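Grab a pencil and open the model in your viewer. Below are a few exercises, each with a worked solution to check yourself against.

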Amino acid sequence: MKILGCFKVVPDLDLIVEEDWNIENHLHIDTGYAKLIWNCFDEGALEMMLRLSDLSEGLNVVYKLSALTIGRQKTESFLKTLYALGFSEGARICVEEEEEILFSPEMISEGIANYVKKIEGQDVILTGIQSSDGNNKMTPYLLAEKFGWPCITQVIGLEPIDEEQLKVTSQVSGGCIVRKVKTPCVLATGNAPCSYLRIPTLKAKMKLGKRPVTRLMPEDMGMSETAESVRVTALNPINRKRNTVVIEADSPQEKARCLYEKYLKERLSEL
Amino acid sequence: MRYHFVVNGYADDVLRQMEEQMGFAQKYLNGMEQGEAIIYCRSAEDVQKLERHHSKEAVLISAREYAPEAVLHGLCDRIADGGLYIFGNDDAGTELSVRMAARLSGSSVTEAESLWLSEESAGDGELINKIHVMKMVYANHMEAAFVMEREPYCISLARGAASQELRMGSFVIKEEISCENMAEHIVSQEFYPEALAGGLDEAKVILAAGRGVKNKENMAVIDKTARGLKAEVAVSRPAAMNAWKPMNRLIGVSGAMVGPEVCITAGVSGAAAFYAGIEKSKFIVAINTDEKAPIMKMADVAIVDDFLPIMEELNNICK
């Protein structure tokens, strides 16, 4: 079974300095200096793929894991990590300007769909439910529509069955649903319990992590002709500051007592 | 242009979702004509049992089990013209709004916070309405305005929107479309109920722990203090990812959005994605060793110190 993990490498937004959030009349924020990290939901999806592969040992099913990202050259080191972890294919659609893909879910899904149609056919496409910067929350659903495949959202676990079926656990209100699902399908990963990607060994990095990444151009993947049906027209900073009172005292115990007596006691007694 | 509510009749919190749809319409759609609601549900009986409505008439799309593909089939068959379709704030609402717009060559925005109309010239002197939507982006650090280019306009609402009391009485059901047996990709399925998230949504007092709690042992101190304060324990994403607490205790954009009377944060930096989850708290206390952590300016009261002795002392006081 061929499974494609689509991931985005995002800037660590906690590292953006406050002044940069207060820039007006721009349609994107300069995040170029921030450390790059896996988008958290995508990271969970990639780890889930590896766990699925682990679980298939001894079973009569083989998973071919591929990964695709759309972004800058810096993102290739992330693909090489995936090679070292056992992914057999790694591809990047080369988009060097972050703002081009920030609020462009239709363009992104077109790129992914054309990769699957033209470069490497797939049985399952896994994505995170949303990215932390664009917050569009659309890509997996648009992919399902482009292929006419079913989609399962808020996926938190995968288990092998056979070459045509997967056991998919997804979170729903009040619990979770475990389904036996026929492929092909699109899976949108939510808050997976094991959301950190494992770390490859140095040996694996040396042996597997140096393979070249397949580079694709956006115009060859149909992305240049895709017009978004929704356009961003303004970005506004948000002021969330409150008039904070800082409790000063000589010891933490005194601070705690002050907090309780002055601010909590009455509030808690009223509940 | 007319607007329609699209309602998830399978959801346990269907009434709250309807209240938020109604609150949204009252605030942003004044003067726009309202069309029938579209309700996807198990049966007409379930809809009648609600005994509340926010549109006079409704069309039902029914199936014993919820399957987005079946609902989409019914929805897209039914919609002949453009208009604005307002979905609820849950995962189903988000998915259906995006897929319906894609299927009908319309446009969609998820997690809409607000909406307004503008008039623009179509080029031949005629004025056309444009729909603009505001939503949070950059993990809730900023809000962005979007203009939607193509009808039908499909939006899902952001969580925690203002709500409006529903009208008493049931919907007048105009039509029921049955969509059984449309989920051919599902071979079997089983629902496993999960221990409740501790009622984070309804909690009056919340003690939220972040990365600064450092380990699971320290989390036990948080638990103990929470019991003393009669608070529910919640965590930020880094704490949940370290499995110090299960994911159903997660607060923030991808977890619970809470509005307790008192929210005490310990070792939380105050990342915007987390803060969005506690923003509606009436009173926020921040305890952090870093006086420059963002949370220290977004709280009502802050303590610059290690959380452990503070928690232990609070626990002693509560005894």
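Before we start, one convention: axes are lines fitted to C-alpha atoms, for helices over the stretch in contact, and angles run from 0 to 180 degrees between N-to-C directions. Keep in mind, too, that this is a predicted model.

**Exercise 1. Which strands does helix H3 of chain A lie across, and at about what angle does it run to S5(A)?**

Step 1: Find H3(A) at residues 76-85; it lies across S4 and strand S5 (89-94) of chain A.
Step 2: Read off the angle to S5(A), which is about 170°.
Step 3: Now look at what S4(A) does on its own account. Spanning residues 64-71, S4(A) pairs with S1(A), residues 2-7, in the parallel sense over 6 bridges. For a landmark in that pairing, take Ile3(A), which sits opposite Leu65(A) of S4(A).

**Exercise 2. Work out the strand order of the 10-stranded sheet, and say which strands stand at its edges.**

Step 1: Walk across the open sheet: S11(A)-S5(A)-S4(A)-S1(A)-S6(A)-S10(A)-S7(A)-S8(A)-S9(A)-S13(B), with mixed pairing.
Step 2: Check the ends. S11 (214-216) of chain A and S13 (186-193) of chain B each have a single partner strand, so one side of each is left without a neighbour in the sheet.
Step 3: Add the twist, which averages 30° from one strand to the next.

**Exercise 3. How many strands are in the sheet that holds S13(A), and what is their order?**

Step 1: Count 6 strands in an open sheet, ordered S13(A)-S18(B)-S17(B)-S16(B)-S14(B)-S15(B), with parallel pairing.
Step 2: Spot the edges. They are S13 (245-246) of chain A and S15 (232-235) of chain B; each has a single partner strand, so one side of each lacks a neighbour in the sheet.
Step 3: Zoom in on the link between chains: S13(A) and S18(B) are joined in the parallel sense by 2 bridges, and Val245(A) faces Val301(B) in S18(B).
Step 4: Move along to S14(B), residues 205-209, and S16(B), residues 262-266; 5 bridges join them, again in parallel. Ala209(B) has Ala266(B) as its bridge partner there.
Step 5: Lay the helix on top. H8 (residues 252-269) of chain A lies across S14, S16, S17 (283-288) and S18 (301-304) of chain B, and runs at about 160° to S18(B).

**Exercise 4. Classify the crossing of H5(A) and H6(A).**

Step 1: Get the geometry: the axes of H5 (residues 105-119) and H6 (residues 139-147) of chain A come within 9 Å and cross at roughly 50°.
Step 2: Apply the angle, which makes H5(A) oblique to H6(A). The crossing is right-handed.
Step 3: List who meets whom. From H5(A) the residues include Ile108(A) and Ile112(A), while H6(A) offers Leu142(A) and Phe147(A), among others.
Step 4: Sort the contact by class: 7 nonpolar, 2 polar and 2 charged residues.

**Exercise 5. How many residues does each chain bring to the contact between A and B?**

Step 1: Chain B brings 74 residues and chain A brings 65.
Step 2: On chain B's side, S13(B) gives the most, with 8 residues.
Step 3: Split that side by class to get 43 nonpolar, 10 polar and 21 charged residues.

Conventions
Residues are numbered from 1 along each chain as its sequence is written. Chains are lettered from A and ligands numbered from 1 in the order in which they are written. This is a predicted model: local features need pLDDT of at least 70, side-chain atom pairs count only at pLDDT 80 or more; totals for chains, interfaces and linings use all residues. Two strands pair if DSSP finds at least two bridges between them. Helices (H or I, at least four residues) and strands (E, at least two) are DSSP runs, numbered from the N terminus. Two residues are in contact if their C-beta atoms, placed from the backbone, lie within 7 Å. Angles under 35 degrees count as roughly parallel, over 145 as roughly antiparallel, 65 to 115 as roughly perpendicular and the rest as oblique. A crossing is left-handed if the near helix is turned anticlockwise from the far one by less than a right angle, and right-handed if clockwise. Ala, Val, Leu, Ile, Met, Phe, Trp, Tyr, Cys and Pro count as nonpolar, Asp, Glu, Lys and Arg as charged, and the others, Gly among them, as polar.
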